[in-house]
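Student: Could you take me through one part of this model up close? I'd like a connected account rather than a list.

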Amino acid sequence: MRAQDFQGVKLYRVPPQGKRTDKDGVPVRPKKMGKIHFPVFTPDGTRLVGFMVTPPEIAGMVKLPDVFVAYDALEPFEGVLCAVDEKGSFDKAAGKRLGVDIDHCIIWTGMDVRTRSGEALGYCADAAFNP
């Protein structure tokens, strides 16, 4: 798969498995979380661990910080891509659960690409990974 296949995809937040129905038995609708912005790789750059998600702006003016969502917390639900709403699915808790420091992880997309001798080749537009 390619990281660009996920960029711009709307991501929703779905309750954990036991809380997906209301008291009346009606299924709970997933809540919009934002759009997938960048893939995040381990500090050595060899394995995809998750995605940065850009939440919608408040009142169209106040930008919120990006949220890290672990790759293994994503699942399809009612025809859309959703993140399971559990503590270990987001930000520092997800990094701790995955055994990586999120602050040291690499976002390859948009990074400058150079040869070993230092010659500039351009920038990284996409990254491939094996799900």
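Tutor: Let's start with I58, which is partly exposed, because its relative accessible area of 45% falls between the 20% and 50% cut-offs. Keep in mind that this is a predicted model. I58 sits in the loop between strand 3 and strand 4. On the surface, I58 joins M61 and V62 in a nonpolar patch, and together they have about 320 Å² of accessible area.

Now for the strands on either side of that loop. Strand 3 and strand 4 run antiparallel and are joined by four bridges. One pair you can pick out is F51, whose bridge partner in strand 4 is V69. Strand 4 itself covers residues 67-70, and both of its faces are covered. V67 and V69 are buried on one side, while F68 and A70 are buried on the other. That split fits a general pattern: in a regular strand, side chains alternate between the two faces of the sheet.

Going back along the chain, look at T42, in the loop between strand 2 (31-41) and strand 3 (48-54). Here's a loop residue to set beside I58: T42 counts as buried because its relative accessible area is 6%, under the 20% cut-off. What does the side chain of T42 make a polar contact with? The partner is the side chain of D44, at 2.5 Å. Beyond its neighbours within four places in sequence, T42 is in contact with R47 and V49, and also with V100, C105 and I106.

Definitions and conventions:
Residues are numbered from 1 along each chain as its sequence is written. This is a predicted model: local features need pLDDT of at least 70, side-chain atom pairs count only at pLDDT 80 or more; totals for chains, interfaces and linings use all residues. Side-chain values use heavy atoms; hydrogens and water are left out. Helices (H or I, at least four residues) and strands (E, at least two) are DSSP runs, numbered from the N terminus. Buried means under 20% relative accessible area, exposed over 50%, partly exposed in between (1.4 Å probe, protein chains only). A polar contact is a pair of N or O atoms within 3.5 Å; within protein, one must be able to donate a hydrogen and the other to accept it, and residues adjacent in sequence count only if both atoms are side-chain atoms. Contact means heavy atoms within 4.5 Å. Two strands pair if DSSP finds at least two bridges between them. Patches are made of residues with over 30% relative accessible area and no salt bridge: like charges are joined within 9 Å, nonpolar side chains (Val, Leu, Ile, Met, Phe, Trp, Tyr) within 5 Å. Accessible areas come from the Shrake-Rupley method with a 1.4 Å probe; for residues, only the protein chains shown count as cover. A salt bridge is a side-chain nitrogen of Lys or Arg within 4 Å of a carboxyl oxygen of Asp or Glu.
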